[in-house]
Amino acid sequence: AQSRDMPSVHAATDAVLLKALETRHRIQFDEAMRPLVTRFARLNAVLRERCRLSKCVYMTLPIPRLSKPPMQYLALVDIMSDIPGVPVVLVRGSGQNVLTFDA
């Protein structure tokens, strides 16, 4: 397991990816958001690979961070859900546990 103190082996790739995403979305991600953006971009790469033949993909909508600008949140959602040719449904509940009974 890699220590959190060690630099990422993907640091150079992550920097290029971040720059491309910032250019595409015309936004500057702050330092606190950069690891999250990189994680969402890697998630998207896995989803593109595994879901390319899917008819539809359902994902949980990430909870917005109220302390961050809305444009950064929307860019994250776009990064995560960008799967060409596959519709993506983002689902978010109220945060309450529910119990459903069959009638």
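This is a short conversation between a student and a tutor about a predicted model of a protein chain.

Student: Happy to start with the overview. What makes up the secondary structure of the protein chain?

Tutor: There are three helices and two strands, and from the N terminus on they come in the order α-α-β-α-β. Of the 103 residues, 29% count as buried.

Student: Let's go to Glu-22, then. Why is Glu-22 called buried or exposed?

Tutor: Glu-22, which is found in helix H1 (residues 11-25), has a relative accessibility of 6%. Buried means under 20%, so Glu-22 counts as buried.

Student: And Arg-34, why does it get its own label, and what is that label?

Tutor: Arg-34 is in helix H2 (residues 34-50). The relative accessibility of Arg-34 is 21%. Buried requires a value under 20% and exposed a value over 50%, so Arg-34 counts as partly exposed.

Student: What makes the pair of side chains of Glu-22 and Arg-34 a polar contact?

Tutor: The distance given for the two side chains is 3.2 Å. A polar contact needs N or O atoms within 3.5 Å, one able to donate a hydrogen and the other to accept it, so this pair qualifies. Leaving aside neighbours within four places in sequence, Arg-34 is also in contact with Leu-18, Gln-28 and Phe-29. Glu-22, for its part, touches residues including Ile-27, Gln-28 and Phe-29.

Student: Nice. How do you know that S1 and S2 pair?

Tutor: Four bridges join strand S1 to strand S2 (residues 88-91), and pairing asks for at least two, so the strands pair. They run parallel. Tyr-58 has Val-89 in S2 as its bridge partner.

Student: Which residues of S1 point to which face?

Tutor: Strand S1 covers residues 57-60. Val-57 and Met-59 point to one face and are buried, while Tyr-58 and Thr-60 point to the other and are not. In a regular strand, side chains alternate between the two faces of the sheet.

Student: What lies between those strands, and how do you know the length of helix H3 fits its residue count?

Tutor: Helix H3 (residues 70-81) has twelve residues and reaches 17 Å from its first C-alpha to its last. The expected value at 1.5 Å a residue is 16 Å, so the two are close. Buried residues in H3 include Tyr-73, Leu-76, Val-77 and Ile-79. Together, S1, H3 and S2 make a right-handed β-α-β unit.

Terms used. Residues are numbered from 1 along each chain as its sequence is written. This is a predicted model: local features need pLDDT of at least 70, side-chain atom pairs count only at pLDDT 80 or more; totals for chains, interfaces and linings use all residues. Side-chain values use heavy atoms; hydrogens and water are left out. Buried means under 20% relative accessible area, exposed over 50%, partly exposed in between (1.4 Å probe, protein chains only). A crossover is right-handed if, with the strands pointing away from the viewer, the path from the first strand over the helix to the second runs clockwise. Contact means heavy atoms within 4.5 Å.
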